[in-house]
Amino acid sequence: GDPFPSIASVTSTTSDGSYKIGSTINITVNFSEAVSLSSGGTMTVTLETGSTDRTVSITSISNATSASGTYTVEENDLSSDLTVKSISVAGTISDASDQAMVDFSIGANLASSSAIVVDGVAPTVASVKSTSTNTTYGTGASINITVNFSEAVSLSSGGSMTVTLNSATDRTVSITSISSATSASGTYTVVEGDASSDLSVTTIALASGSLSDAAGNAMSSFSVPADS
């Protein structure tokens with residue numbers, strides 16, 4: 001007799017690339033033949049997206065060889081090559097001969113035809129260090145200030161990041177160029193009257209522009225870890 005319908009593959013109409021928080025990604029399930037989902041039924045596609053697996057629900061399939069849904073990247077989702085973990089159905093998926101799908105194993109999975117990177121983690125400040133020697137610095141001395149990030153970031157054109165240091169008068173170091181780098185450095189020159197028993201960073205802020213990772217997630221928290 002007629003073979004039972006099955007899942008031939010999962011594909012995506014979304015272009016290969018890196019996708020940030022809020023991005024939408026198409027998920028298309030392709031069947032071995034035209035099928036219909038029973039009224040009130042739901043097909044659930046579970047994606048491998050890191051510590052929390054996200055799902056796409058499809059509630060209508062009518063005599064079709066494929067069905068699509070949309071996955072929206074959420075905070076902390078991660079995948080180096082998006083793929084499907086499992087597909088399940090509440091209700092029945094049947095072909096024109098009323099043969100129900102019983103095997104929901106995936107033929108060719110998404111990763112075999114697409115290279116979709118999911119990056120739902122926004123960059124943060126990992127630490128602030130200095131390459132300068134631990135010693136006492138006098139007026140006119142230069143001290144290196146290096147900000148380390150949790151991942152490679154780029155500063156938008158014309159942007160400026162300001163590092164404020166604790167001194168008798170708070171001094172600032174401006175960094176105006178960061179291009180796909182995990183750290184950025186500036187120089188603080190000691191001004192007459194400056195004093196600090198142990199130089200530290202008060203705040204880091206963007207004076208202008210945006211600081212984003214490769215997927216386009218913008219840094220929103222500039223808090224400096226206490227141990228840096």
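Contact here means that heavy atoms lie within 4.5 Å. The exercises below concern a predicted model.

**Exercise 1. Ala 90**

Task: State which element holds Ala 90, which residues it touches beyond its sequence neighbours, and whether Ala 90 is buried, partly exposed or exposed.

Solution:
- Step 1. Ala 90 belongs to strand 8, residues 84-90.
- Step 2. When residues up to four places away in sequence are not counted, Ala 90 touches Leu 37, Gly 41 and Thr 42.
- Step 3. The relative accessible area of Ala 90 is 47%. Partly exposed is the class between under 20% and over 50%, so Ala 90 is partly exposed.
- Step 4. Glu 48 is 42 residues from Ala 90 in sequence, and their C-alpha atoms are 20 Å apart.

**Exercise 2. Pro 5 and Ser 9**

Task: Determine where Pro 5 is placed and where Ser 9 is found, and assign each to buried or exposed.

Solution:
- Step 1. Pro 5 is in the segment before strand 1 (7-11), whereas Ser 9 is in strand 1.
- Step 2. Buried requires under 20% relative accessible area. Pro 5 has 2% relative accessibility and therefore counts as buried. Ser 9, with a relative accessible area of 14%, is buried.
- Step 3. Leaving aside neighbours within four places in sequence, Pro 5 is in contact with Ser 32, Glu 33, Val 35, Asp 95, Gln 99, Ala 100 and Met 101.
- Step 4. Met 101 stands 96 residues from Pro 5 along the chain, with 5.3 Å between the two C-alpha atoms.
- Step 5. For Ser 9, with residues up to four places away not counted, the residues touched are Thr 28, Val 29, Asn 30, Gly 107 and Ala 108.

**Exercise 3. Strand 5 and its partner**

Task: Sort the side chains of strand 5 (residues 55-58) by face, and describe how strand 4 is joined to strand 5.

Solution:
- Step 1. In a regular strand, side chains alternate between the two faces of the sheet.
- Step 2. In strand 5, Val 56 and Ile 58 point to one face and are buried. Thr 55 and Ser 57 point to the other face and are not buried.
- Step 3. Strand 4 (residues 42-47) runs antiparallel to strand 5, and four bridges join them.
- Step 4. Opposite Ile 58 of strand 5 stands Met 43.

**Exercise 4. An open sheet**

Task: Give the strand order of the open sheet of three strands, and explain why strand 15 and strand 17 each have one side without a neighbour.

Solution:
- Step 1. The order is 15-14-17, with antiparallel pairing.
- Step 2. Strand 15 (171-175) and strand 17 (201-208) are at the edges; each has a single partner strand, so one side of each lacks a neighbour in the sheet.
- Step 3. From one strand to the next, the twist averages 25°.
- Step 4. Strand 14 (residues 160-165) pairs with strand 17 over six bridges in the antiparallel sense. Thr 162 stands opposite Ala 205 in strand 17.

**Exercise 5. The largest pocket**

Task: Describe the space in the largest pocket and the make-up of its lining.

Solution:
- Step 1. The largest pocket holds about 740 Å³ of space.
- Step 2. It is lined by 30 residues, of which Ile 143, Ser 196, Asp 198, Leu 199 and Ser 200 are the closest to its centre.
- Step 3. The lining divides into 13 nonpolar, 14 polar and three charged residues.
- Step 4. Strand 12 (125-129) and strand 13 (142-155) each supply at least two lining residues. Strand 13 gives the most, with three.

Terms used: Residues are numbered from 1 along each chain as its sequence is written. This is a predicted model: local features need pLDDT of at least 70, side-chain atom pairs count only at pLDDT 80 or more; totals for chains, interfaces and linings use all residues. Side-chain values use heavy atoms; hydrogens and water are left out. Buried means under 20% relative accessible area, exposed over 50%, partly exposed in between (1.4 Å probe, protein chains only). On a 1 Å grid over the protein atoms alone, a cavity is a set of points where a 1.4 Å probe fits but cannot get out, and a pocket is an open set with protein on both sides within 12 Å along at least five of seven lines; lining residues have an atom within 4 Å of a point. Grid points are joined across faces, edges and corners, and a volume is the space filled by probe spheres set on the points. Ala, Val, Leu, Ile, Met, Phe, Trp, Tyr, Cys and Pro count as nonpolar, Asp, Glu, Lys and Arg as charged, and the others, Gly among them, as polar. Two strands pair if DSSP finds at least two bridges between them. Axes are lines fitted to C-alpha atoms, for helices over the stretch in contact, and angles run from 0 to 180 degrees between N-to-C directions.
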